[in-house]
Structure formats: structure tokens, C-alpha cells
Amino acid sequence: MISKILIANRGEIALRIIRTCKEMGIKTVAVHSTVDQDAMHVRMADETVCIGPPRSHGRKDSYLSYSAIISACEITGAQAIHPGYGFLSENAEFVEQVEDHEIIFIGPSAHHIRMMGDKISAKKVMSELGVPCVPGPNESLNSPEEAKTIAQEIGYPVIVKAAAGGGGRGMKIVHNKSEFSEAFQTAQQEAIASFGNGEVYLEKFLSNGRHIEIQILADNFGNAVHLGERDCTLQRRHQKLLEESPSPVISSKVRAEIGKICTHAITNMGYSSAGTIEFLYHEGEFNFIEMNTRLQVEHPVTEAIFGIDLVREQINIAAGNPLSFKQNSLKPSGHAIEVRINAEALPNFRPCPGQVDIYHSPGGLGIRMDSSLYNGYTIPQDYDSLVGKLIAHSTDRSRAIAKLKRALEELIVHPIATTAPLFQEILKDKEFINSEYDIHWLERWIKNHYG
């Protein structure tokens, strides 16, 4: 039994985890940097520990400090750590140190995090387990010349990608052989700068697909389920901005087929906890991109249609309990859409930190707002600009869109500029309403509307 959990994160995700812990009767410990001393997750936790400054040159402070977080556990007697997403949530070395101190990590093993964190390793493993993958060799590139030979075999365009990558960093599209030298060098340099690892690999570039991901849960007793898919196709610079479930382009038959493939894979690799297997859905075919071994930012849309608390399930699995449900008992209901509310000024998406004088959260049937904002809170400049996630759930997609439109009109974050007006316009677009878009649609839309 876990009776006290330390949340190694901040903002809305830390607050969201604290809420589930309170409902489960579990005590919580919030860690925070010096600039987050007045944050809502700090106010809501049972205990708090300051773990240092937000960041400094070349150092891993506060939310990235292994020693500070583990020390906070030992000081407060927390038996487990929930990492949320980002920061150390997919850091295998951190997990190993946590377990060396006999603290429970609420997530998968270091072995699986390391396996899926390397994109080449992940692709190789998934291919061997029968998961369809993007065309391209499951090995790193040694030179632009080698890349040119492979590209000639699989056909242009291709994409050079960082093996340790994510978030669009270390990725370069190549349309012909004359572009390879520059693209190869640039991808390597970005990979080294962002991940400390210059290893890159090559895949076929599928230009007009949709980003579809499958939510999975698995315990330590060989039980695994999938909770349908999320459509995360609306992206800007490889960053998701709007997610929905179910996907408007996936049939129940296709959903069952890809779900079965994914649960088979995670069962056979011995995976445990929550995870997300991501695909590019191109011309009716699934192509594996990566697996995220953590809770996703967009997990609330899955919770909405299945009525299941994914954080609660993560905690129960980490506590050594089997899944409380089987695949045949999971019945989705309705449609859910999430938009990410960032403190950014349009049209350039410039970050807008500062004090929130007036904050009003939308409400009503089928509306959920995950945010740590409050009147008088100062959004720091030291972190990601995400300040909230607005989720609408209704009986079908059109009604979910109508609810989301209304909720966006209610949202007030004064005087901070946010991305809310962007979504108000997108939700009225006929191509969005008819679900006629691909992963590049939003960037074209933004260019057409904002220049």
C-alpha cells in the first residue's frame, strides 16, 4: 500500500495528480523551485519541499535534480514518486537511482524507458513484435553517403531523425540527394545540442498522414488493455495543440485491430504501467513513430470517453495490484476534444509570462479545465508556456465542438495573451469540422490566417 506520494513536477499536471491522490486517501508531497513557491500545486499538497532555483547555466536544478528529489522523499517519508510528464518522467538513470533508494517509481521500468527512449531501438523492438513501422532501416547512419543509398532504395522524400529525439528537434526533411549533406549535419548538431547524442537514422517521409496514438495500460501480472486512440493531427512545429478521441477517421474495426496489435506488443515485451504508442496513419496504414513511456499531456480525452482515471491506475499498478478491468469491459462513450491553452501571443506564438489579474475557468456539463492558474498568480518565464488544458466531452463530435466553442468564450486569463483565440477560429473552419486535414494542415492554416 502506498500512503504518501511525492510529485516530481509542477503546474497543472502536478495539481491533477494531487487531486487523484486525495481521492485515494494518499498523502502528497509537492516539490517546487524558488519561483514556484506560490504555485497552486504547492498550496494544495499536504507537504512541500523547495528543491532549488528554476535553472542555471549548464546545471540540472530543482525539477531536474535527482538528488534534490530523492532527498525530498527521504525527508518527508514519501514511498513513491509520480513524475507526471516532461522533466524526469522518461529518464532511465533517474528511475534506477530512485529504485536504488527503495522508492517506488510510478511508471515503467528503467529498462523499458531506455529501450523506447532510443528511437532506433524502439523501432527494432516494435517491428519484431509485429507492430507496423515507417519504411526505413532500424539502424543509425554513419554518413550522408550511406543515407543517400538508403533514400534511393525507399524513395524520396525522406527524413533524418535523432535517435534520442522528440518534440521535433533533430529532424530534417530531405527531398533530393543534393540536400543530404546539410540536412545530415544539421540534424546531428541539433541532436547533440538537445539530447547529448548525435546518433541519427533515416525513414521514409510520409507527408500527408494523421498522427494517431494508442493509449495502453499493463500490470505486472501479464494483463494489458488499450483504451482506444487519440487523434493528435493538429500540430505546429511537431508540437500538438489539439487532440481528440475517438479519431474521426478510424473505424471500430480498425481500432480493434491496431489495439490488439499494441496490447500484444506490450504484453510480450513485459511492459508495465501506462504508455502511448504513436503512429503516422497514412493511406489507411499505421506506421509506428515512437512510444512514450509516461502519462501524456492529452490523457484527459481518453479519461472522458472511458470514465477511467489513468493516474489512479498508474498508482495501483505501481502498488503491485492487477488491472481492475478487462478489455471487454471497456466501452467508450461519446467524443472528447482537448485544446492546449498556452500563454502565447498570436500570431507569432511569443511566450507571455506575467501576472494574471483575473482568471475565470469555464464550466458546465461536459467541460473540464486542467489548470493551476488563479487570480494574482504570476506565470514564470522559466518554463513551458502551457497554462491549461480545456476539454469538452459530449455525445458526438459536433456537440463536443459546440461545447468547446462555448467554453472558450467563457475562459478569461486577463491580461495575459493566450492561444484561446486560435482555437475559436479553428473550430469554425469547414475543413476542421469535416475532418479534412493532415499533420501539416495547421501550419498552412496559420500561415493563411496570420501571414
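## Arg294 and the salt bridges

Start with Arg294, which is buried in this predicted model, at a relative accessible area of 17%. Its side chain meets that of Glu90 in a salt bridge, with N to O at 2.9 Å. The two ends come from distant parts of the chain, 204 residues apart: Arg294 sits in the loop between strand S13 (285-292) and helix H10 (299-306), while Glu90 sits in the loop between S4 and helix H4 (92-100). Glu90 is partly exposed, with a relative accessible area of 34%. Since the cut-off for buried is under 20%, Arg294 at 17% makes it into that class.

That pair has plenty of company, as a search of the whole structure turns up 25 salt bridges. Take Glu203 and Lys161, whose closest N and O atoms are 3.3 Å apart. Glu203 belongs to strand S8 (residues 200-204) and Lys161 to strand S6 (residues 158-166), so this pair ties together parts that are 42 residues apart in sequence. Both Glu203 and Lys161 are buried. Then there's Asp231 with Arg210, at 2.9 Å between the closest N and O atoms. Here the link runs from strand S10 (residues 224-236), home of Asp231, to strand S9 (residues 210-218), home of Arg210, so parts 21 residues apart get tied together. Asp231 and Arg210 are buried too. There's also a network of salt bridges linking Glu213, Arg230, Lys240, Glu243, Glu278, Glu298 and Arg340.

## The parallel sheet

Five strands make up an open sheet with parallel pairing, in the order S3-S2-S1-S4-S5. Its edges are S3 and strand S5 (104-105), each pairing on one side only. S5 is held to strand S4 (residues 80-82) by two bridges, and the two run parallel. Within that pairing, Ala80 stands opposite Ile104 in S5.

Helix H1 (residues 11-23) packs on this sheet. H1 touches strand S1 (4-7), strand S2 (27-32) and S4, and its direction makes about 170° with that of S1.

## Ser62, a buried loop residue

Is Ser62 buried or exposed? It's buried, with a relative accessible area of 1%. Ser62 is placed in the loop between strand S3 (47-50) and helix H3 (66-76). A polar atom of the Ser62 side chain lies 3.5 Å from the backbone oxygen of Pro54. Leaving aside neighbours within four places in sequence, Ser62 also touches residues from elsewhere in the chain, including Ser33, Ile69 and Tyr383.

## Two nonpolar cores

Nonpolar side chains tend to be buried together in soluble globular proteins. In this model, the largest nonpolar core has 44 residues, and those with the most contacts inside it are Ile341, Leu390, Leu408, Phe423, Ile426 and Phe432. Among the elements giving two or more residues to this core are helix H2 (40-44), strand S14 (335-342), strand S21 (386-394) and helix H15 (441-450). The largest share, five residues, comes from H12.

Ile426 gives a view of the packing: leaving aside neighbours within four places in sequence, Ile426 is in contact with Leu234, Phe432, Trp441, Leu442 and Trp445. A second, separate core of 35 residues includes Ile5, Ile13, Phe306 and Ile315.

## S19 and its partner

Why is S19 largely enclosed by the rest of the structure? Four of its five residues are buried, so that's the reason. S19 is joined to S21 by five bridges, and the two strands run antiparallel. One such bridge matches Asp370 with Lys389 in S21.

## Backbone oddities

Two cis peptide bonds are worth a look. The bond from Tyr156 to Pro157 is cis, with omega near -5°, and Pro157 lies in the loop between helix H7 (144-154) and S6. Another cis bond joins His414 and Pro415, with omega about 0°; Pro415 is in the loop between strand S22 (412-414) and H13.

Positive phi also shows up outside glycine. Ser273, in strand S12 (residues 273-282), has phi near 105° and is buried, with a relative accessible area of 2%. Phe349, in the loop between strand S15 (344-345) and strand S16 (350-351), has a phi of about 60° and counts as buried at 7% relative accessibility.

Note on methods
Residues are numbered from 1 along each chain as its sequence is written. This is a predicted model: local features need pLDDT of at least 70, side-chain atom pairs count only at pLDDT 80 or more; totals for chains, interfaces and linings use all residues. Side-chain values use heavy atoms; hydrogens and water are left out. Buried means under 20% relative accessible area, exposed over 50%, partly exposed in between (1.4 Å probe, protein chains only). A polar contact is a pair of N or O atoms within 3.5 Å; within protein, one must be able to donate a hydrogen and the other to accept it, and residues adjacent in sequence count only if both atoms are side-chain atoms. Contact means heavy atoms within 4.5 Å. Two strands pair if DSSP finds at least two bridges between them. Axes are lines fitted to C-alpha atoms, for helices over the stretch in contact, and angles run from 0 to 180 degrees between N-to-C directions. A nonpolar core is a set of buried Ala, Val, Leu, Ile, Met, Phe, Trp, Tyr and Cys residues joined through side-chain atoms within 4.5 Å. A salt bridge is a side-chain nitrogen of Lys or Arg within 4 Å of a carboxyl oxygen of Asp or Glu.
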